[in-house]
Amino acid sequence: MSNIKLDYQTSGISEKEIMRYKEKVARIHKQMHEKSTDEKKFLGWLDLPTNYDRKEFERIKKAANRIRKTSDVFVVIGIGGSYLGASAVIEALTHTFFNEIDRKKRKAPEIIFAGNNISSSYIHDILDYIQDKDISINVISKSGTTTEPAIAFRIFREVLETKYGIEEARKRIYVTTDAHRGALKSLSDNEGYESFVIPDNIGGRYSVLTAVGLLPIATAGIDIEKLMQGALLAQEKYSDSNLKYNECYKYAVIRNILYRLLKNTEILVNYEPKLHYFTEWWKQLFGESEGKEQKGIFPAGVDFTTDLHSMGQYIQEGRRNLFETVINIEKTKNDMKIKIDEDNVDGLNFLAGKTIDYINKKAMQGTIEAHVSGDVPNIVLNIEKLDAENIGGMIYFFEKACAMSGFILGINPFDQPGVEAYKKNMFRLLGKPGYDDE
Ligand code: PA5
C-alpha cells in the first residue's frame with residue numbers, strides 16, 4: 001500500500017497560509033485534469049497509471065526476461081529524463097552492490113548506464129569491462145537525435161555487430177523512442193530492432209513509468225506491476241481538487257510560499273544512500289521544469305548523515321535562502337543491533353541494544369531541530385518503507401507536485417528551452433552544418 005505522509009510542522013508555514021492558495025490550486029487542477037491548458041500536449045503522465053499500453057507492458061516484461069537470460073551486462077544508453085528515473089528506481093530497490101554481487105544472488109545482468117556524458121575514459125572503461133561478457137543494449141531517446149546517447153549508441157552498436165554479427169546483434173539491441181519520428185526511429189525500423197514507444201504527450205523527465213524506465217527496471221528484476229500499482233494509488237489519492245485534502249498540492253504550495261519568503265534553494269535530504277539517484281531524478285524534474293524566465297527554486301540534494309560532514313556547516317550557518325525536504329523511510333529492511341563491548345574503549349556502550357536505524361532516526365531528528373533553529377524550514381515526507389509500490393507512489397507524487405508548483409509559479413513546467421543554448425554553441429564549435437558563425 002502506497003503510504004506517503006506530509007509533515008510540515010517544521011516548515012514554519014501554517015494551514016491557514018496554505019489554504020490561501022485554495023482557489024488558485026483548484027483552478028490549476030481543473031485546467032490540468034480537463035487538459036485545457038496550452039501544455040495539454042505534455043500531460044500524458046497524469047493518468048498514465050490507468051492509461052498505458054497493456055500490450056507493450058507485456059512486451060516489456062518478455063524482453064526483460066530474454067535480456068536476463070542472455071546477458072551478463074545490460075547497457076542502458078540515455079541522458080536526462082531518458083536514464084535518471086531507471087537509475088533512481090534500480091538503486092532504491094536493489095542490493096547496494098547490485099553490480100558487484102554474485103550473478104546467482106543478483107539473478108539479473110549487471111546494469112550499466114552510458115550515453116549520459118561525453119567522457120572518452122568512461123566509454124573506454126565500459127568497453128574494457130564488458131569485452132568478455134555477453135551484452136544487450138537499450139538505447140533510449142525521445143528525440144532520437146541527442147548527441148550524448150547517439151555517440152554512445154554508434155560505439156556500442158559497432159561493438160555488438162563485431163562481437164555477434166549483424167543478425168545476432170539485432171536481437172540484442174532494444175530501442176525506446178518516439179512512435180513516428182527521429183533518426184533512432186528510422187534506424188530501428190530499418191534494422192528491425194525491438195522497439196518501445198515514448199508517448200508523444202509525455203516529456204522526458206515525466207517518462208520513468210513508460211518503457212523508458214520500465215525496461216531497465218524490469219531487467220533488474222523489479223516488479224513493474226507493483227511500481228505501477230503504487231503510482232495508481234497515488235493517482236487516486238492526489239486527484240482531489242480540494243487543497244485541504246491533497247498533500248501533494250500542499251507540498252507544491254508550501255514550496256511556493258517559502259520561495260516568496262526568499263527561500264529559493266530547496267535541498268532534498270535522505271538518510272538512505274539508496275536514494276542518491278532518486279534525488280538526482282528529483283533535481284532534474286524540478287530544475288528543468290521550474291528554472292525558467294529567471295524564476296524557480298534551485299533544487300539541490302544531500303545524502304545524510306554523509307553530507308552532514310561536508311555540507312552541514314553551510315546548511316546550518318551559511319546564506320539563509322535554504323529550505324529542506326526530508327525523505328524519512330520509516331521502516332528499514334535490514335536493521336541490526338549494536339552489541340555490548342566489555343572494554344568499551346570507543347565509549348559506545350551507551351548505544352548497546354539500540355539499532356542502527358534507531359540511531360539514524362535520532363540523527364535525523366537532531367538535524368531537523370538544528371537546521372530549523374538555524375532558520376532552515378524543513379518539510380518532512382514520511383514513507384512507510386522502500387518498496388516498489390512506494391517508489392511508484394513517490395514518483396507520481398513528485399511529478400504532480402512539480403506540475404502544480406510550476407503552474408503556481410507561472411511558468412510552463414513541461415518545456416526546457418534553455419537546454420538548447422549549450423547545444424547550439426557546441427555544434428557551432430564542432431562545425432555541424434547549419435550552425436556556422438554568423
Ligand atoms: O526531460 C527532458 O525532456 C530531457 O531531460 C530529456 O530527457 C533529455 O534531454 C534527453 O532527451 P532525449 O530523450 O530526446 O534524448
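**Exercise 1. Partners in the sheet**

Which residue in strand 10 is the bridge partner of isoleucine 327?

*Solution.* This is a predicted model, so treat each step as a reading of a prediction.

Step 1. Find the two strands: strand 9 covers residues 322-331, and strand 10 covers residues 378-385.

Step 2. Look at how they pair: strands 9 and 10 are joined in the parallel sense over seven bridges.

Step 3. Pick out the bridge at isoleucine 327, and you arrive at leucine 381. Farther along, isoleucine 329 stands opposite isoleucine 383 of strand 10.

Step 4. Follow the chain between the two strands. From strand 9 it passes through helix 15 to strand 10, a β-α-β crossover that is right-handed.

**Exercise 2. The whole sheet**

Work out in what order the five strands lie and which strands form the edges.

*Solution.*

Step 1. Reading across the open sheet, the order is 1-10-9-7-8, with mixed pairing.

Step 2. Now check the ends: strand 1 (4-7) and strand 8 (298-303) each pair on one side only, and they are the edge strands.

Step 3. Add the twist, which averages 20° from one strand to the next.

Step 4. Turn to the pairing of strand 9 with strand 7: these two run parallel and are joined by six bridges. In one of these pairs, isoleucine 267 has glutamate 324 of strand 9 as its bridge partner.

**Exercise 3. Helices over strands**

Find which strands helix 13 and helix 15 lie across, and say whether strand 9 is mostly covered or mostly open.

*Solution.*

Step 1. Start with helix 13 (residues 276-290): it lies across strand 7 (265-270), strand 8 and strand 9. Its direction makes an angle of about 175° with strand 8.

Step 2. Helix 15 (residues 356-373) lies across strand 9 and strand 10, at about 160° to strand 9.

Step 3. Strand 9 thus appears in both descriptions. Count its buried residues: eight of ten, and the strand is mostly covered.

**Exercise 4. Two cysteines**

Why does cysteine 248 form no bond with cysteine 402?

*Solution.*

Step 1. Take the distance from the sulfur of cysteine 248 to the closest cysteine sulfur, which belongs to cysteine 402: it is 10.0 Å.

Step 2. Compare this with the cut-off: a disulfide needs the sulfur atoms within 2.5 Å. The two sulfurs are therefore too far apart for a bond.

Step 3. Check the surroundings. Cysteine 248 is buried at 0% relative accessibility, and cysteine 402 is buried with a relative accessible area of 0%.

Step 4. Finish with the total: the structure holds zero disulfides.

How values were computed. Residues are numbered from 1 along each chain as its sequence is written. This is a predicted model: local features need pLDDT of at least 70, side-chain atom pairs count only at pLDDT 80 or more; totals for chains, interfaces and linings use all residues. Side-chain values use heavy atoms; hydrogens and water are left out. Two strands pair if DSSP finds at least two bridges between them. Helices (H or I, at least four residues) and strands (E, at least two) are DSSP runs, numbered from the N terminus. Axes are lines fitted to C-alpha atoms, for helices over the stretch in contact, and angles run from 0 to 180 degrees between N-to-C directions. Contact means heavy atoms within 4.5 Å. Buried means under 20% relative accessible area, exposed over 50%, partly exposed in between (1.4 Å probe, protein chains only). A crossover is right-handed if, with the strands pointing away from the viewer, the path from the first strand over the helix to the second runs clockwise.
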